[in-house]
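Here are my notes on the model you sent over. Have the structure open while you read, and work through the points in order.

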Amino acid sequence: MKSRIAPVRWTPPPAPPRPEPTSIDVETVALPGKGPEDTLIDDDGSVLTGLYDGRILRVSADGKTITTLADTGGRPLGLEWLPDGKVLVCDANRGLLTLDKDGRVTTLLSEVEGRPMRFCNNADVTPDGTIYFTDSSTRFGIDEWMADLLEHSATGSVYRLTPDGELTRLTTGRAFPNGVALSGDRRTLFWAETAAYGLYKLDLTTDAAEPQLVTAIPGLPDNIARGSDGLIWVTIGSPRNALLDFLLPKPPVLRTLVWNLPEALKPKAADVIEIQAYDDNGTLVHDLRAHHPSFHMPTGVRERDGRVWLGSIATNTLATFPTPPR
């Protein structure tokens with residue numbers, strides 16, 4: 001049964017000025033299932049990704065061999081390497097999981113502050129095993145992510161989990177916090193807020209630090225990840241939607257009406273691929289755009305050794321392209 005929403009008025013900031021993005025060509029790899037939300041690259045160049053049905057796949061670097069590593073029994077989203085070689089899985093339904101080389105899936109953390117995680121989304125990990133991760137919403141789960149954007153109640157949080165099990169909520173009241181990436185010196189935490197169209201940061205060296213906006217994003221940012229090039233790569237799931245921007249400051253009942261429309265009539269992600277990359281100062285280094293008939297709505301990004309891999313919750317393909325020159 002569809003959840004009810006209680007929309008909160010919010011006035012979107014003006015869209016940032018943006019020159020025409022650089023056009024790129026992408027190649028795709030077809031997968032045996034839908035929704036490869038994130039990507040994670042192994043030392044041999046193979047790519048790990050999680051599907052809507054719970055499977056985690058390994059795709060060879062040339063895209064010709066695909067194997068199933070495990071099934072989480074949930075909905076795997078963000079993937080990260082742990083120092084011991086295991087894979088950290090942010091499972092939207094089950095929380096933080098680990099996957100070992102033998103395919104065993106173990107629950108690391110399923111509850112925060114006395115409640116089950118509703119929308120465990122993305123993470124980054126330090127060399128000592130400290131995990132920074134997002135729980136995007138306390139109101140809606142993965143199958144109703146659009147409800148959170150329409151409601152705009154900003155119930156998401158960012159957490160830190162240390163190797164000894166100490167959990168700290170770093171910030172809350174965030175508008176769908178999503179992708180996470182540490183700075184090169186690991187003194188600053190960056191994350192994307194999908195519903196606020198922004199890239200934010202938090203000084204981890206100061207207990208009283210408050211989140212700061214790094215830069216506005218010209219769309220709905222999803223996962224972010226630090227590349228081997230030192231940049232923070234950002235997926236833009238879709239450019240800003242004119243109807244959503246129009247409705248957000250208007251009487252809340254209008255968004256309730258939209259939520260109750262048939263799926264075919266609700267706002268949709270644009271049929272475009274948009275990716276950006278920033279340095280730690282928030283300077284835009286890459287602003288890229290592509291179109292492909294079998295890939296759109298990028299939600300996961302990973303750069304390594306001059307190649308970028310993309311995932312998407314909306315397709316049954318991965319996309320890849322070489323890193324453009326700066």
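**Notes on strands and cores**

1. Start at the turn between strand 25 and strand 26: in this hairpin, with two residues between the strands, D305 adopts a positive phi near 50°. Keep in mind that this is a predicted model, so that phi is a computed value, like everything else below.

2. The two arms of that hairpin, strand 25 (residues 298-304) and strand 26, are antiparallel and share six bridges. If you want a pair to click on, G300 has G311 of strand 26 as its bridge partner.

3. Strand 26 also pairs with strand 27 (residues 317-322), again antiparallel, through four bridges. Here V308 is matched with F321 in strand 27. The link between strand 26 and strand 27 is a hairpin too, with four residues making the connection.

4. Is strand 26 mostly enclosed or open? Five of the six residues in strand 26 (residues 307-312) are buried, so the rest of the structure largely encloses this strand. Buried here means under 20% relative accessible area. As a general reminder, side chains in a regular strand alternate between the two faces of the sheet.

5. Now move to the earlier part of the chain. Strands 7, 8, 9 and 10 make an open, antiparallel sheet of four strands, ordered 7-8-9-10. Its edges are strand 7 (76-81) and strand 10 (105-109), each with pairing on one side only. From one strand to the next, the twist averages 30°.

6. Within that sheet, strand 7 is joined to strand 8 (residues 87-91) by four bridges, in the antiparallel sense. P76 finds its bridge partner in strand 8 at D91.

7. On packing: which residues touch the most other members of the largest nonpolar core? They are L150, L189 and W191, in a core of 30 residues. Two or more residues each come from helix 1 (145-151), strand 17 (177-182), strand 18 (188-193), strand 19 (198-203), helix 2 (242-247) and helix 3 (253-259). Helix 1 is the top contributor, giving four residues.

8. Don't merge that with the other one: there is a second, separate core of 15 residues. Among its members are I24, W233, I273 and A319. One link back to point 3: A319 belongs to this second core, and strand 27 covers residues 317-322.

Technical notes:
Residues are numbered from 1 along each chain as its sequence is written. This is a predicted model: local features need pLDDT of at least 70, side-chain atom pairs count only at pLDDT 80 or more; totals for chains, interfaces and linings use all residues. Side-chain values use heavy atoms; hydrogens and water are left out. Two strands pair if DSSP finds at least two bridges between them. Axes are lines fitted to C-alpha atoms, for helices over the stretch in contact, and angles run from 0 to 180 degrees between N-to-C directions. Buried means under 20% relative accessible area, exposed over 50%, partly exposed in between (1.4 Å probe, protein chains only). A nonpolar core is a set of buried Ala, Val, Leu, Ile, Met, Phe, Trp, Tyr and Cys residues joined through side-chain atoms within 4.5 Å.
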